[in-house]
Amino acid sequence: MAARFELSHAACGANRAGPGAVAWGRGGLVAFGSCRSVVLYDPQERKVVGTLNGHTERVNCVQWINGNNSAQETELISGGSDKSLILWETRSGKLVRFTRLEGHTEAVCAVDVVSLAKESSAESNLLVASVGSDSTVRIWSRHGTEVKCLQTLQFGNGFIMDVSLSLLLGIDVPILACGGDDCRIHLYTRQDGQFQKQLVLRGHEDWIRGVEWAVCDGDLFLASCAQDCLIRIWKIHATSLPLLETGEDNVIRLKENIFTMKDNGGLDTSFAVTLDSVLAGHENWVYAVHWQPSFFTDDRREQPMRLLSASMDKTIILWAPDEESGVWLEQVRVGEVGGNTLGFFDCCFSPDGTMVLAHAVHGALHLWKQTNKREWTPEVVITGHFNSVQDVNWDPEGEFIITVGSDQTTRIFAPWKRDNHPEVTWHEVARPQIHGHDLQCLAMVGRLQFVSGADEKVLRVFSAPRNFMENFSSISGVSLEKLYFGQTTNFAEGAAVPALGLSNKAVFQEDTAVQTTEEEGNFNPSSQYCENYFQPRSLTEPPTEDHLLQNTLWPEVQKLYGHGYEIFCVACNCAKTIIASACKASKKEHAAILLWSTRTWKPLQSLPFHTLTVTQMAFSPNGQFLLAVSRDRKWSLWKGRDDPAGPEPAFSLFACTDQNMAVHSRIIWSCDWTPDSKYFLTGSRDKKVILWGKCCSAEEESDKEDPGAVKLCFSVLEADDSVTAVSVSPVLASDGSYLIAVGTEGGKIRLVKWKPNDERLLGSNWTHCAETDSSQSHSLVVKRLSWRKQVGRAGHDTSENSKWLQLASCGADHAVKIFNIDRHNL
């Protein structure tokens, strides 16, 4: 197919699967699990460079595979809730091939790899240890392309939380550390091809969450962390067998655990394990501990003695031994401040140790960069939903997209234009709504206002505050005059949720001024329960996660009551004067569509017809019609007529599915209009997209006695999967045909063109133009598709911009994507 989708932007959050879901490779790419995919993100370019789709359930752990040299990694391994591991081979972020490792009977929750390759050997031999929720640790080997399971270690009723593999120094024998819910670290070494238990290290007093090996100055160090809030560092070194006691009973020594094993030559070698340090600094469970990655100088591997830990106390601590005393001390502490957050699952160093990435419990990634020895500053990093994304809309001017999701947030993504950077990257610039219910739908009501519906009976209306407009202007390069044009309202400065409140309350300039004065004055007992947490800030780059959580809310200006059950879909007409909404329903009285006036925010009309939930609605571009589709497999078309009683039109049933037009045999999920309002489309679970249009001429219609019985003709496109989203481009293709995007249950998006051949649509031709490939597709249901109404790419103003169209999509795989499509190449 000639036309191709070009991925302009992908936004998603990391899985909330515990530690191990994020890894930073030597090549500079961060790999993290997002729903069923492994996402490859470049922190330097600040964009997603690849998506690896292969798992059929959530990805729980990801690990880059380091060779025994300084080369960049090309392979990584991931484990998921689908009980399997996948070995991926990539090149420049693109998948070359993958190998599936199957054997666990429950979810895989941790994995580690050690390379056994000698530098002289052409192909790498890998040893893989994986942890399953089936209380086993499986050992796998990879020789060339052959992968097999060597051994299964059983742990009875206990669970292992983390594993780490390394090689014993001097004899190159693999050693395995397993930390679990028995508060002990189990050490295994490989003898005669099988791993045998050598030692059990006691000391932690709660579940062990993380273990990791590091080689430094000829000794092997093991760092472990646990829910007892402590980190322990163990040291393993070769030793001669202990001599008989010489009577020095009064000398205090660290207890040594000694094990003996045969090296490759058959000689006995003894190793002593001692507790080197205990690091206390966290005030809650420590979930992850990682050494700074080793680096190569003159073909010699060097390991910096620096350790990073992540805790549920909302902090990340960087530890290093004191240069004089050698005592391990806290060097830097970074973390989250404010917001309704829980702490951190995981953390990792950048390859050169100058940046730190953290994975928060609510799916967000945080990035800090070292600016001098003691100072670390937050950096811009990928953000996104951490649950299913239900709806996406472009703003009327096509300058940003707004999304809602089951993670109970509404997010705004916009292009970031930098003077010294030719490439435009997309970032989250605001989080207008952080809710207590899963959000289902939204509609833009003008440029700076939207209405959203959640799993509650109320629709909520939000308006943009002044602080958002100023920051949006400086980030995206849109002038403030353009944003304020035609706006007469008095804008709030920002919004905050009051203590014990549930709604975003507007904060005005005088409120922030009063707050500052109070802070400067004497201490007031009530000041510790601050009324608003909003702090206006001027931004020149996209906000960090802390700022998004607290300072980018939009004030709620209206609540619309009227539905009996949870809101399911909402739509607004092109004139931005009427809102239509519908809720979940199993009876006809609850399935009625409600119309609201955006002038008074009062209900205008109830439109009863459907018997089950209305799944989507769309007003025609000319504003005359309202189309609705439903779970009852029917569509209804309502026509607006001027109402003498008020400025808004009154709608009446114009056409609907009858016995002759009951073409869909399953739920109709989606609908849309062509830009000229002549035709509309419906997409259904029965794998059909149907385009409907009038059969009879205007004269025939005027002769009819029953205006409700409009005869429609239709043209059917057979898809090869259930259709969950359809959207028609407001811009026609270069040959004058309509350009239609079709999203499916499997996650693929197809572009098709349609052009009528005659008045009655008979013999109409559908032309397939393009389809997303496996790395561009969603890994689960496509929930919504939305075309940018303007020609060109948002944030670009080059001469060749007119050939591009942009399509936004969102899916149940937590992802929001924006595609560039070359309309001259269709």
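This report describes the overall composition, two sheets, the aromatic pairs and some individual residues of a predicted model.

## Overall composition

The protein chain contains five helices and 61 strands. Of its 826 residues, 57% are buried. The chain exposes about 34800 Å², and carbon and sulfur atoms supply 47% of that area. When contacts between residues at least 6 apart in sequence are considered, 54% of them join residues at least 24 apart.

## The sheet S1-S61-S60-S59

Strands of a sheet pair through backbone hydrogen bonds, in either a parallel or an antiparallel arrangement. One open sheet of four strands follows the order S1-S61-S60-S59, and its pairing is antiparallel. Its edges are strand S1 (6-11) and strand S59 (782-787); each has a single partner strand, so one side of each is left without a neighbour in the sheet. From one strand to the next, the twist averages 20°.

Within this sheet, S1 and S61 are joined in the antiparallel sense over five bridges. One position in that pairing is Leu7, whose bridge partner in S61 is Phe819. The segment after strand S61 (816-822) holds Asn825. Asn825 is partly exposed because its relative accessible area is 35%, a value that lies between the 20% limit for buried and the 50% limit for exposed residues. The C-alpha atoms of Asn825 and Lys803 are 8.9 Å apart in space, and the two residues are 22 apart in sequence.

## The sheet S33-S34-S35-S36

Another open sheet is formed by four strands in the order S33-S34-S35-S36, again with antiparallel pairing. Strand S33 (389-394) and strand S36 (421-434) are the edge strands, each of which pairs on one side only. Neighbouring strands of this sheet are turned by 25° against each other on average, direction ignored. Helix H1 (residues 466-476) packs on the sheet and touches S35 and S36; the direction of the helix makes about 40° with that of S35.

Strand S34 (residues 401-405) and strand S35 (residues 409-418) run antiparallel and are joined by four bridges. In this pairing, Ile401 stands opposite Phe413 in S35. A contact between a charge and a ring involves Arg418 and Trp416: the charged end of Arg418 sits over the ring of Trp416, 4.1 Å from its centre.

## Aromatic pairs

The structure holds 27 aromatic pairs. Two of them share Phe680 and are set out below.

| Pair | Geometry | Centre to centre | Angle between planes |
|---|---|---|---|
| Trp635 and Phe680 | edge-to-face | 5.1 Å | 70° |
| Phe680 and Trp692 | stacked | 6.3 Å | 20° |

The pair of Trp635 and Phe680 links distant parts of the chain, since Trp635 lies in strand S49 (residues 635-641) and Phe680 in strand S52 (residues 679-684), 45 residues apart. Both Trp635 and Phe680 are buried. The second pair has Phe680 in strand S52 and Trp692 in strand S53 (residues 688-694), so it ties together parts that are 12 residues apart in sequence. The relative accessible area of Phe680 is 3%, which means that this residue is buried. Trp692 is likewise buried, with a relative accessible area of 1%.

Ring pairs also link Phe400, Phe450, Phe462, Phe468, Phe472 and Trp554 into a cluster.

## Lysines with positive phi

Most residues other than glycine have a negative phi. Against this background, two lysines deserve mention. Lys314 has a positive phi of about 70° although it is not a glycine. Lys314 is placed in the loop between strand S26 (307-311) and strand S27 (315-321), and with a relative accessible area of 24% Lys314 is partly exposed.

Lys576 also has a positive phi, of about 60°, without being a glycine. The loop between strand S43 (567-572) and strand S44 (578-583) contains Lys576. The relative accessible area of Lys576 is 27%, and therefore this residue is partly exposed.

Conventions. Residues numbered from 1 in each chain as written. Predicted model: local features only at pLDDT ≥ 70, side-chain atom pairs only at ≥ 80, totals over all residues. Heavy atoms only, no water. Pairing = 2+ DSSP bridges. Helix = DSSP H or I, 4+ residues; strand = E, 2+ residues; numbered from the N terminus. Axes fitted to C-alpha atoms, helices over the stretch in contact; angles between N-to-C directions. Contact = heavy atoms within 4.5 Å. Buried < 20%, exposed > 50% of the residue type's maximum accessible area, 1.4 Å probe, protein only. Areas by Shrake-Rupley, 256 points an atom, 1.4 Å probe, with all protein chains shown as cover. Phe/Tyr/Trp six-rings, centres within 6.5 Å; stacked < 30°, edge-to-face > 60°. Lys NZ or Arg CZ within 6 Å of the ring centre and 35° of its normal.
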